[in-house]
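Visitor: Please show me the model and take me through its ligand shell, its domains and its core.

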Amino acid sequence: MSRSTVVVWFRRDLRVDDHPALMAAVAEANAVGGQVTPVFVVEPDLAAAAGVNRCRFIAGCVDALDAELDGHLVLRTGPAAVAVPRLAAEVGARLVFVTSDHAPTGVRRDRAVELALAEAGRRLVAVGSPYAVAPGSVRTAAGRPFAVFTPFRRAWEAHGWPEPTGRPRSVRFRDAPSDVGTDALGGVGRGTSATVLPAAGPGPAAVLLERFLDDALDTYARDRDRPDRAGTSRLSPYLRFGCLHPRQVLAGLADRSAPTGPRACGPLGERGSGAAGFTTELAWREFYADVLAHHPRSAWEPVVAAGRYLRVDTGPEADRRFTAWSTGRTGFPLVDAGMRQLLAEGWVHNRVRMVAASLLVKDLHLDWRRGARWFLDHLFDGDVASNNHGWQWVAGTGTDAAPFHRVFNPVLQRARFDPDGTYVRRYVPEVDAFGYPEPIVDHAAERAEALARWAEARRAAAAEETERR
Ligand SMILES: Cc1cc2nc3c(=O)[nH]c(=O)nc-3n(C[C@H](O)[C@H](O)[C@H](O)COP(=O)(O)OP(=O)(O)OC[C@H]3O[C@@H](n4cnc5c(N)ncnc54)[C@H](O)[C@@H]3O)c2cc1C
């Protein structure tokens, strides 16, 4: 085994710029005149459990990464705990560098790889994370994880993050054969394929970021809730797979957010308040990752005790309602537009995600996990931390969730956030025609039913608590 070759294993960090693990690997190799073997592992089990859209997007991102690495990226297939140690043995590497993964599946997988490497005297070295502040880094004054967003955001900002690192220079690669191509990611995965695929890789991500900073940052605070306007960045799939690191986004914001020029009105200026609002959204992403790292079970289990007792409907009628919801045929135009956008584009505006999720849980009385799974199967940005905690927020069962009684009214939400119907008509062109279906449920009645079920769930949780004491 030589000290001179190191492996860099790419996962959800599919870029070369501002990549601390790659920088560390190159520094290690260069210090002894050595070489770097970059690898991406196609893990059939993970691919089969992911959405087909995500698999296609990853394939494009891996091709783009290979191009950035001048064709030196090695592709291997198999469980990572077999494929990574095998490659390390082939190239004689003692060290395998990765960006740390904090989601439960990633943590388990990395532990298995670490053990397998250690058996042969090799080491997995984690440098950096997919977040501006690595999950687990900020704590309350009492040393506990944060359960509430606003103080988390304050502590997160006070903690701060380094400037982007740029890209490594003078990398010497050590090649190894691939045993699979990115086409292995083509047709696998759950759900149905979107008809459009976002351009993959760091290049399109950088273009999108520049465009957002130039054209939409000033109006972000005003427009971010409007699905009928191009008011948000659409960066989520790129952040999800690390084509772009949030540090790079935050650095771009810092460069542009000084309140100057005619748009600077109010204490922050339009640009300043856009930057503050956008930073808050990035902080939500970091908060949910932090919560998941501390409470891995929060991915699929309600955090609030009453959530475990909430009565949900099952059976043929519930299945019919789920089908109406998931295919965009509930008769609530805003929800139907969102669910059809999900199928066609693999992306939905945040406001519409909230309203659609609320309808599933509080009007149709279905288990939020069913909806969360559907979203994960179709979203290009599908991410357990943001998605499942987003669902728990809407369902009123997560840390820092919206109170259960705050039920979105899908009719009023449409009037407020898509006032002239531009968004709805894009996906539901027949909305104004005679015969557009009546809503499948009566919102006022189902809201009352949801609140009654919640009261019942709270009583059951309180009774269990009393019994336990
Ligand atoms: C039920 C539900 C499910 C969701 N599922 C996902 C998911 O699987 N993956 C995902 O990335 N986001 C998810 N979100 C959060 C949010 O809807 C998307 O991040 C956002 O719509 C992406 O569009 P954008 O990049 O234009 O956002 P922008 O408004 O431009 O925001 C910039 C970035 O901040 C982050 N962000 C914004 N809002 C949130 C939020 N509420 N929670 C966490 N991060 C946020 C994203 O990384 C986003 O790209 C979900 C929200 C809800 C309510």
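The questions below go from domains to ligand to core.

Guide: This is a predicted model, in which local features need pLDDT of at least 70 and side-chain atom pairs count only at pLDDT 80 or more, while totals for chains, interfaces and linings use all residues. Residues are numbered from 1 along each chain as its sequence is written.

Visitor: How many residues of domain 3 are in contact with domain 1?

Guide: The bounds, from an automatic or database domain assignment, are domain 1 (2-128), domain 2 (132-164 + 202-294) and domain 3 (305-460). Contact means C-beta atoms, placed from the backbone, within 7 Å. The centres of domain 1 and domain 3, over C-alpha atoms, are 38 Å apart. Domain 1 uses 5 residues to contact domain 3, and the number on the domain 3 side is 9.

Visitor: Between which domains does the ligand shell lie?

Guide: The shell holds 28 residues, with Thr232, Ser233, Asn350, Asn387 and Gly390 the closest; a residue counts as near if its C-beta atom, placed from the backbone, lies within 6 Å of the molecule. Residues come from two domains, so the shell lies between domain 2 and domain 3.

Visitor: Which helix gives the most to the largest nonpolar core?

Guide: Such a core joins buried Ala, Val, Leu, Ile, Met, Phe, Trp, Tyr and Cys residues through C-beta atoms within 7 Å, buried meaning 20 or more other C-beta atoms within 10 Å. It has 124 residues, and Val7, Val8, Ala25, Cys61 and Val96 touch the most other members. With 10 residues, the leading contributor is α11.

Note on methods
Contact = placed C-beta atoms within 7 Å. Buried ≥ 20, exposed ≤ 12 C-beta atoms within 10 Å, placed from the backbone. Helix = DSSP H or I, 4+ residues; strand = E, 2+ residues; numbered from the N terminus.
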